[in-house]
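Dear colleague,

I am handing over the structure below for your work. Please find my account of what was found in it after the structure itself.

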Amino acid sequence: MTTADTAGFVIAGAGIGGLTAALALHARGIGATVLEAAEEILPLGVGINIQPAAIAELTALGFADALAATGIATREHLYVDHRGTTLWTEPRGLAAGYGHPQYSLHRGELQMMLLDAVRERLGPGAVRTGLRVHGFERTADGVRVEARDPSDSAVLLEATALIGADGVRSTVRDRLHPGRSGLSTGGTRMWRGLTELDGFLDGRTMIVAADDRATRLIAYPVSTRAAARGKALLNWVCLVPDPAGGAAGDPRLSRPGDPEEVLPHLAHWSFDWLDLRAMVLGSPQILHYPMVDRDPLDRWGDGRVTLLGDAAHLMYPIGANGASQAVLDAAALADHCAEHADPAVALERYEAVRRPATTAIVLANREMDHAEKALAARPDGDKSATLAEVTTAYRTTVERRPSAGR
């Protein structure tokens, strides 16, 4: 067993939220060490959206040019039926009057961007890989964190505070809230892929499509580099109602997907501007997993230990807000830690702002999921007014709270 003293915060998890927290704390003069269970951090995942409020925080940390060089500044959400007929359009990002874009980009590229910045600004040892947080205990003036390396040897770190940004399987959450790790499911299975195509609409549009069986398809381009080559790297997700298949609500059900599982759900679809079969078959890898979230907690932390991102508020991808809320968590946490000398007070104030905001979004995402399914199953007719109501209600819920973002 070895003991390493740290002068700052220990952050469990080198995902988007954890890395942003390290950068935001550093920008305010607060030291941080990030512990990551993986021995090597790789650019994994598919496409995500980062909403304007979170882009404002990343811009303040110096990433404006890097984001513009990587992601697509989404201009519009286009709602269509399974024949490709337009039902409703909604401007996004700068086109909607926000001060910053909404970016669609590859999750792994964003993570690597943040990781490189942490190592450059905080030092090469600021991110310690191959160390999974195993437990912690409070001390008179901090938190003693126990981590385990791949050989299961213990490493002790003396920390000012511990931030659990360790995702859906968060050890920190489990220690803070034993017995509260259960997942809720919307009874939906998802298949996700990335496919390079010759083009996709105007190159800056996201589509949200549904048929009368409540099968949904969301697709959007995620790469400026592909666009510069005249291509579109299209992120797509097919969501299929399946109460039995998703009832377990266990992310370990995630597995490689098969194109032949997806194609039957889209066999009766027809877009004259997108070859759906080519889109599915053209993805080098397809991911399959149930759509899950967690019931909101009535508190996150205790003293100098708290949660951030998915560990705190796992939410349905409906609404495209998970990563954005992790970024906003990180910025708010750093702000309060800079304002209050006592870390326990700072983390309490952070939670007082962020927990109500993210609770509202978890519930709003559930409501939007239900509304989209109900609308899809409704007999044919003009659905534009209902879509406008649904999207406006969601935006109002998300934006009405301080630092909630959208």
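Does Ala393 count as buried, partly exposed or exposed, and why? The model is a predicted one, and in it Ala393 has a relative accessibility of 43%. The residue therefore counts as partly exposed, since that class lies between the limits of 20% and 50%. Ala393 belongs to helix α13, which covers residues 384-399. Its C-alpha lies 8.7 Å from that of Ala364, and the two residues are 29 positions apart in sequence.

Helix α13 also leads to the sheet. The helix lies across β6 and β7 and runs at about 30° to β7. These two strands belong to an open sheet of 8 strands with mixed pairing, in the order β7-β6-β15-β16-β17-β14-β19-β18. The edges are held by β7 (86-91) and β18 (255-256); each has a single partner strand, so one side of each is left without a neighbour in the sheet. The partner of β7 is β6 (residues 76-81), and the pair is antiparallel over 5 bridges. Within this pair, Glu76 stands opposite Pro91 in β7. Another helix, α8 (residues 259-266), packs on the sheet as well, where it touches β14 (184-197), β17 (232-241), β18 and β19 (286-293). The direction of α8 makes about 75° with that of β17.

I turn next to the pockets. The second largest pocket has a volume of about 360 Å³. Its lining comprises 23 residues, and those nearest its centre are Val80, Asp81, Leu87, Ala210 and Lys383. Two or more lining residues come from each of β6, β15 (205-210), α12 and α13. Of the elements, α12 gives the most, with 4 residues. By type, the lining divides into 11 nonpolar, 3 polar and 9 charged residues.

Finally, there is the matter of enclosed space. The count is 1 cavity of 30 Å³ or more, and the largest cavity has a volume of about 40 Å³. It is lined by Pro296, Leu297, Trp300, Ala312, His313, Arg355, Thr358, Thr359 and Val362. Two elements, α10 (310-313) and α12 (343-377), give two or more residues to this lining. The largest share, 4 residues, comes from α12. The lining of the largest cavity holds 5 nonpolar, 3 polar and 1 charged residue.

With kind regards

Terms used
Residues are numbered from 1 along each chain as its sequence is written. This is a predicted model: local features need pLDDT of at least 70, side-chain atom pairs count only at pLDDT 80 or more; totals for chains, interfaces and linings use all residues. Side-chain values use heavy atoms; hydrogens and water are left out. On a 1 Å grid over the protein atoms alone, a cavity is a set of points where a 1.4 Å probe fits but cannot get out, and a pocket is an open set with protein on both sides within 12 Å along at least five of seven lines; lining residues have an atom within 4 Å of a point. Grid points are joined across faces, edges and corners, and a volume is the space filled by probe spheres set on the points. Ala, Val, Leu, Ile, Met, Phe, Trp, Tyr, Cys and Pro count as nonpolar, Asp, Glu, Lys and Arg as charged, and the others, Gly among them, as polar. Buried means under 20% relative accessible area, exposed over 50%, partly exposed in between (1.4 Å probe, protein chains only). Two strands pair if DSSP finds at least two bridges between them. Contact means heavy atoms within 4.5 Å. Axes are lines fitted to C-alpha atoms, for helices over the stretch in contact, and angles run from 0 to 180 degrees between N-to-C directions.
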